[in-house]
Number of protein chains: 2
Amino acid sequence: MKQSQLFNKTIKTAPREEESINAKLLIRAGFIHKEMAGVWSFLPLGLRVIRKIENIIREEMNAIGGQELLMTVLQPKSLWQETGRWSNGMEAIIYKVENGEIGLGPTHEEEVCDIARTLIKSKDDLPLYLYQIQSKFRKEPRAKSGLLRCREFEMKDLYSFHSSQKDFEKYYEVVKKSYFKIFKKFGLNPFLTQASGGEFTKDFTHEFQVLSQSGEDKIIYCPSSHFSQNKEISKVKAGDKCPLCSKILKQGDAIEVGNIFPLKDKFSKKMNLSFFDEKGEKRNVMMGCYGIGVSRIMGTIVEIYHDQNGIIWPKEVAPFSVHLIPIEISNSKVKKTTEKIYQNLQERNIDILYDDRQNKSPGEKFAEADLIGIPFRIVISEKTLKTNCLELKKRGSAKKELIKINDIFKKLNV
Amino acid sequence: MKQSQLFNKTIKTAPREEESINAKLLIRAGFIHKEMAGVWSFLPLGLRVIRKIENIIREEMNAIGGQELLMTVLQPKSLWQETGRWSNGMEAIIYKVENGEIGLGPTHEEEVCDIARTLIKSKDDLPLYLYQIQSKFRKEPRAKSGLLRCREFEMKDLYSFHSSQKDFEKYYEVVKKSYFKIFKKFGLNPFLTQASGGEFTKDFTHEFQVLSQSGEDKIIYCPSSHFSQNKEISKVKAGDKCPLCSKILKQGDAIEVGNIFPLKDKFSKKMNLSFFDEKGEKRNVMMGCYGIGVSRIMGTIVEIYHDQNGIIWPKEVAPFSVHLIPIEISNSKVKKTTEKIYQNLQERNIDILYDDRQNKSPGEKFAEADLIGIPFRIVISEKTLKTNCLELKKRGSAKKELIKINDIFKKLNV
């Protein structure tokens, strides 16, 4: 895409009210627009990142048997009354309209059970894995950390349905593995952290916690990842020995980027979600639910991957892979070579942003490129063309390489 | 995909409360699930159709310079007060939360102007075309016609920003052409219909109206498409001569599947969305907005394309292209051939649904296939294999063709 055509303007200073690194950088670089506390629009550059995050998650959910559906924001009170959570559990966070008769879905256990019970009749209908990628709404008095804690936010929520607790436990391990694969693609290394189940289950659950000073959770963890507990429930503390190895436990602030809840029959029992087993006996379906915060992931990545100049996107989620910047674009040889490379890279399906703007100095272009944070920067100038070269720089690295023009495809692995 | 794995169950009779054809068929075939009046979840089969509709629209919006962004459901009252529509125009349809301080977006003119004014400064920033595909919310007492009139529904909304009315008018024609291209892919032939601008503009607008007995609008139209007006504003009537040709005008019920509004500076003036022209003078941005109801399109297609046995999806939006049905799947030759064809078609990127279920009779399978409405049905049985053939049938046609197995790819154009 040509940068002159992109709906994007960077700004030098973030609004004073923003405290979090992710909000400051994402606003300055033109990825998001604030509607109000905890409510953000995604501008074209930001939506590109969201779509890449979604697609990575979608691919992995499909790979573990997930079937995508799309549930609703508006949910009837009657559904929530079946489980009692309307007035006992979720009442503080559900937005309500129509004189309190309709809620905006803060989560979808009730709705997915209602859908599943229309179809699950016998053991043959199990197991079943349903997921969606959808906007959720929660009252949130502390919406101050950019995309990390929002009132409107995008989530992937997977729900699994099983004929036995044992079958659930097997799938729980499958999802765990899938989650680590997903987070690795995002460049995140979360600690699998034991935590309380809150309004979802009386059992312990697993949170995926990424160490970050901006995190609102505190975890007690083993530096070799043998152990991690949310401080809220932990009986050990920093300085203690890890119960599973000899390492010394540490305490750290962390962001919860995902979670998995063993629900057992908590919801199915109350909502009459059952099946007939081989003996013709009626039994409750066993369930699990598994979340990943899509927009929160975007914020977390920025919290982890940035420097004083801007964002440093991991390549799997970057809005573009290559930022192509000609210097002296008025020089016809520079322009011609740049446009040829632009075309060649596009033909190789490389997401490329071509800074074709004439009214910006090289210094301004470089500063904006650093702020936006595209993984590879290619600079072409009269000087580089003297040796038939272009300059390649990886965002986040100081090293600039002069590369022969014909070698660029090999260098970028395309 | 194997049908045994698909989260889908068809039912023989639609719920009594449903009156519309699209709701009856989409529920019976397992595409949608009703949460409450005018609020529908999309089951895996239904979401496949929605995604195809979205992608056709997205491709065409990008082709006419549109940049996709994603705005929010929650919108602050203050934004709506700038144009006065909070209490004068939209008050009857906006759902409100937080003591009436926040609305659920019924449309996004205010929000998109707020975003655009942070970036539009000079004439160089124009024209600009922004669109999104997103859920909208409107209070709707008459939500009785399936996907045709909903309280929560998906829409594509494009907004264009121009430095002059003339430039807007040029783009208006571009979008008109693009819309006809899009609707053609959906198998719809709308009449471009003059109508009133409602809360959007004092000018006339254009609605894209598809003739259908389920339509809630009435249009006066020329059978040769030279003329069409919404009856609400029309000064002619059925039986009159078309003002533009000699044909006799007709009256018909119609579904509004899209609309385009010339907004001029109605919003930009009130929201201070302006730019500096060449002379350094401040001028209001001229605007247009252009909607297509994504979920309504799905309902409209079913209203138009069905017979007494079920849905007949046009191939561009069908959940799958081919329905592969083996008879006597217990016969090893039938099974082996079927699975080979299944694999071969998948390798050719054909969306294929393979009915591998063992516990259904051929009659049941055929009835379900007709109900679901996939464009091509391939049947393989001992009998067809005797002549090394399979049976091909187009949904909606009575004709069954015996085709040599090796000719199937040519026949399907893959």
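How many residues does the contact take from chain B, and how many from chain A? In this predicted model, 33 residues come from chain B and 33 residues from chain A. The side of chain B that touches chain A is assembled from several elements, each supplying at least two residues, namely strand 1 (32-36), strand 2 (39-42), helix 2 (44-63), strand 3 (67-68), strand 4 (74-76), strand 5 (96-97), helix 4 (109-119) and strand 7 (128-137) of chain B. The greatest share of this side is given by helix 4 of chain B, with four residues. When the residues of the side of chain B that touches chain A are divided by class, 19 are nonpolar, seven are polar and seven are charged.

Two of the strands just named, strand 4 and strand 5 of chain B, also belong to an open sheet of three strands, which has the order 4-6-5 and antiparallel pairing. Strand 4 and strand 5 of chain B are the edge strands of this sheet, each pairing on one side only. Strand 5 of chain B is joined by two bridges to strand 6 (residues 102-104) of chain B, and the two run antiparallel; within this pair, K96(B) stands opposite G103(B) in strand 6 of chain B.

In chain A, the domain assignment gives domain 1 (3-307) and domain 2 (322-411). The C-alpha centres of domain 1 and domain 2 of chain A lie 39 Å apart, and the contact between them involves six residues of domain 1 of chain A and nine residues of domain 2 of chain A. On the side of domain 1 of chain A that touches domain 2 of chain A, one residue is nonpolar, three are polar and two are charged.

Strand 1 (residues 32-36) of chain A runs antiparallel to strand 2 (residues 39-42) of chain A, and four bridges join them. H33(A) stands opposite S41(A) in strand 2 of chain A. The hairpin of strand 1 and strand 2 of chain A has two residues between the strands, and in this hairpin G38(A) takes a positive phi near 75°.

Helix 5 (residues 165-185) of chain A has 21 residues, which at 1.5 Å a residue should span 30 Å, and its end C-alpha atoms are indeed 30 Å apart, so the expected and computed values agree. The buried residues of helix 5 of chain A are F168(A), Y171(A), V175(A), Y179(A), I182(A) and F183(A). Because these buried residues cover an arc of only 115° around the axis, they are placed on the same side of helix 5 of chain A. On the other side of helix 5 of chain A, by contrast, K166(A), K170(A), E173(A) and K177(A) are exposed. The packing partners of the buried residues of helix 5 of chain A are helix 2 (44-63), strand 8 (152-162), strand 10 (205-211), strand 13 (250-264) and strand 16 (286-293) of chain A. Just after helix 5 of chain A, G187(A) takes a positive phi of about 80°.

A further helix, helix 7 (residues 294-304) of chain A, is largely enclosed by the rest of the structure, because 11 of its 11 residues are buried. Among the buried residues of helix 7 of chain A are R296(A) and E303(A), as well as V294(A), I297(A), M298(A) and I304(A).

Further along chain A, strand 21 (residues 376-380) is joined by four bridges to strand 22 (residues 389-394), and these strands of chain A run antiparallel. The bridge partner of V379(A) is E391(A) in strand 22 of chain A. Strand 22 of chain A also pairs in the antiparallel sense with strand 23 (residues 400-404) of chain A, over five bridges, and K393(A) stands opposite K400(A) in strand 23 of chain A. Strand 22 and strand 23 of chain A form a hairpin with five residues between them, and G396(A) in the turn has a positive phi of about 100°.

L324(A) lies in strand 19 (residues 322-326) of chain A. L324(A) has 26 C-beta neighbours inside 10 Å and therefore counts as buried, since the cut-off for a buried residue is 20 or more. Although L324(A) and R377(A) are 53 residues apart in sequence, they are 6.0 Å apart in space, C-alpha to C-alpha. When neighbours within four places in sequence are left aside, the residues in contact with L324(A) are T338(A), I341(A), Y342(A), I352(A), L353(A), Y354(A), D355(A) and I378(A).

Definitions and conventions
Residues are numbered from 1 along each chain as its sequence is written. Chains are lettered from A and ligands numbered from 1 in the order in which they are written. This is a predicted model: local features need pLDDT of at least 70, side-chain atom pairs count only at pLDDT 80 or more; totals for chains, interfaces and linings use all residues. Two residues are in contact if their C-beta atoms, placed from the backbone, lie within 7 Å. Ala, Val, Leu, Ile, Met, Phe, Trp, Tyr, Cys and Pro count as nonpolar, Asp, Glu, Lys and Arg as charged, and the others, Gly among them, as polar. Two strands pair if DSSP finds at least two bridges between them. The expected span of a helix is 1.5 Å times one less than its number of residues. A residue is buried if 20 or more other C-beta atoms lie within 10 Å of its own, exposed if 12 or fewer, and partly exposed in between; C-beta atoms are placed from the backbone. The arc is that of the directions from the helix axis to the C-beta atoms. Domain bounds come from an automatic or database domain assignment.
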